[in-house]
Amino acid sequence: MVKIKNVDLKKIDDDTKKELQYVFKTTPVLVFENQELTPEDHLNVCRYFDREFKTDSWNPFITTQIPNVPQIAVRGKGNTNLFGLDNAPISITKSFKYNRLWHQDVVGVKDKLPTVVSSIYMLKVPNHGGATLFSSLENAYENIPIHERHHYDEMQCLYSPLLGLNAEIDHTGYGRLDRFWEKHITKEIEENMNTQPLVVYSSKDTTKKTLMLTPNKLYKFINHSPLESHDLMRYIMKHYVLTKDNVGALDYNEKDLVIFNNRRVMHTGTPTAEYDERFLTILFLATTCPYIPIS
């Protein structure tokens with residue numbers, strides 16, 4: 001994570017863009033301080049960092065999508081009248097309300113590539129709480145003993161976004177409590193399941209392997225039972241991902257813009273029950289950039 005000061009992202013020249021694109025290749029979480037941005041500006045700035053972006057909207061928070069920039073939604077706590085929304089309630093699931101929920105955006109979603117660029121723009125900070133935590137998934141892979149990596153290299157994850165909607169997560173932020181695999185698997189649930197590799201190269205121009213994992217949507221690892229899979233997932237999270245030196249916390253100031261490489265980090269926010277009113281916008285930039293399976 002790096003903080004970048006004294007840069008107005010609306011007024012940068014091509015040379016500065018190239019410098020920032022280079023920094024984004026070296027450091028997956030960029031924090032730009034004191035940015036005055038409209039939603040249109042926010043979208044345009046994020047497009048600097050993924051040359052293979054799509055104009056589609058992949059934002060799942062439909063009820064608070066900004067009407068003229070549907071790639072962006074208002075999030076936080078309370079009701080919002082921002083950006084053309086009319087007293088729209090910001091819905092919060094139990095898993096986000098009471099627990100941290102470690103995840104990657106759009107991982108496990110059928111027919112969609114995980115975003116390269118995800119972004120948060122802070123509009124109003126709470127009096128306390130509200131931090132975002134990041135963990136490097138490239139470092140997590142390198143934390144695996146080298147003689148054991150081949151085992152993880154070959155693993156495939158079967159995800160169920162529909163079963164992930166009502167995930168019950170324990171205090172760790174990654175351990176599922178509900179035995180969701182015992183539920184009747186309907187045709188709709190089965191058709192929305194998706195298989196993705198656990199270990200990938202995040203793009204065609206990198207030499208570092210990274211884990212690709214979102215615990216709340218994981219149904220199982222292929223060739224493992226769901227119960228075995230969640231034991232193994234918790235082991236991976238505890239021993240490789242959330243290690244002492246691999247988690248950083250970002251406390252926001254108003255007008256902070258965070259742009260992060262969603263394929264190289266996992267993130268979570270403070271449980272919403274821990275803070276008072278706050279507002280931010282969140283952007284998922286659709287992409288055609290493929291991740292590269294290592295096999």
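What follows is a chat about a predicted model, covering its salt bridges, aromatic pairs, surface charge and backbone angles.

Reader: Salt bridges to start. How many salt bridges does the count come to?

Author: The count comes to 11 salt bridges in this predicted model. One of them joins the side chains of lysine 255 and glutamate 36, at 2.3 Å from N to O.

Reader: Where do lysine 255 and glutamate 36 sit in the chain?

Author: They are in distant parts of the chain, 219 residues apart. Lysine 255 is in the loop between strand 15 (247–250) and strand 16 (257–261), while glutamate 36 is in the loop between strand 2 (29–32) and helix 2 (39–46).

Reader: And is lysine 255 buried or exposed?

Author: Lysine 255 is partly exposed, because its relative accessible area of 30% falls between the 20% and 50% limits. Glutamate 36 also counts as partly exposed, at 46%.

Reader: OK, what about lysine 124, which residue does its side chain meet in a salt bridge?

Author: Lysine 124 meets glutamate 277, with 2.7 Å from N to O. Here too the pair links distant parts of the chain, 153 residues apart: lysine 124 belongs to strand 8 (residues 117–124), and glutamate 277 lies in the loop between strand 17 (265–269) and strand 18 (278–287). Lysine 124 is partly exposed at 34% relative accessible area, and glutamate 277 is partly exposed at 38%.

Reader: Which parts does the salt bridge of aspartate 153 and lysine 209 tie together?

Author: Aspartate 153 lies in helix 5 (residues 149–153) and lysine 209 in strand 13 (residues 209–211), so their pairing ties together parts that are 56 residues apart in sequence. The N to O distance for that salt bridge is 3.6 Å.

Reader: Why does aspartate 153 count as buried?

Author: Because its relative accessible area is 17%, and buried means under 20%. Its partner, lysine 209, is partly exposed at 24%.

Reader: Changing topic: aromatics. How many aromatic pairs does a search of the whole structure find?

Author: The search finds nine aromatic pairs. Among them are tyrosine 48 and phenylalanine 49, which form a tilted pair with 6.3 Å centre to centre and 50 degrees between the planes. Both residues are buried: tyrosine 48 has 18% relative accessibility, and phenylalanine 49 has 8%.

Reader: What about the rings of phenylalanine 180 and tryptophan 181, how are they arranged?

Author: Their centres are 5.3 Å apart and their planes are at 65 degrees, so that pair is edge-to-face. Phenylalanine 180 is buried, with a relative accessible area of 1%, and tryptophan 181 is buried at 17%.

Reader: Back to Tyr48 and Phe49. Which residues form one aromatic cluster with them?

Author: Phe24 and Phe32 do, so to speak, complete the list: the cluster is made of Phe24, Phe32, Tyr48 and Phe49.

Reader: Now the surface. Which residues gather in a patch of negative charge?

Author: Asp13, Asp14, Asp15 and Glu19 gather in that patch. Aspartate 13 lies in the loop between strand 1 (2–4) and helix 1 (14–26), and it is partly exposed, with a relative accessible area of 44%.

Reader: Any backbone oddities? What is phi of asparagine 87 near?

Author: Phi of asparagine 87 is near 50 degrees, which is a positive value in a residue other than glycine. Most residues other than glycine have a negative phi. Asparagine 87 lies in the loop between strand 6 (79–80) and strand 7 (88–89), and counts as partly exposed at 43% relative accessibility.

Reader: And valine 106, what is its phi?

Author: Valine 106 has a positive phi of about 65 degrees, although it is not a glycine. Valine 106 lies in the loop between helix 3 (94–98) and strand 8. Valine 106 is buried, with a relative accessible area of 9%.

Reader: Last one, leucine 177. Where is its place?

Author: Leucine 177 is in the loop between helix 6 (161–164) and helix 7 (187–191). Leucine 177 is exposed, with a relative accessible area of 54%.

Reader: What separates the C-alpha atoms of leucine 177 and tyrosine 201?

Author: A distance of 31 Å separates them, and the two residues are 24 residues apart along the chain.

Notes. Residues numbered from 1 in each chain as written. Predicted model: local features only at pLDDT ≥ 70, side-chain atom pairs only at ≥ 80, totals over all residues. Heavy atoms only, no water. Patch = residues over 30% accessible without salt bridge, like charges linked within 9 Å, V, L, I, M, F, W, Y side chains within 5 Å. Areas by Shrake-Rupley, 256 points an atom, 1.4 Å probe, with all protein chains shown as cover. Salt bridge = Lys/Arg side-chain N within 4 Å of Asp/Glu carboxyl O. Lys, Arg positive; Asp, Glu negative; His and termini not counted. Charge placed at Lys NZ, Arg CZ, Asp CG, Glu CD. Helix = DSSP H or I, 4+ residues; strand = E, 2+ residues; numbered from the N terminus. Buried < 20%, exposed > 50% of the residue type's maximum accessible area, 1.4 Å probe, protein only. Phe/Tyr/Trp six-rings, centres within 6.5 Å; stacked < 30°, edge-to-face > 60°.
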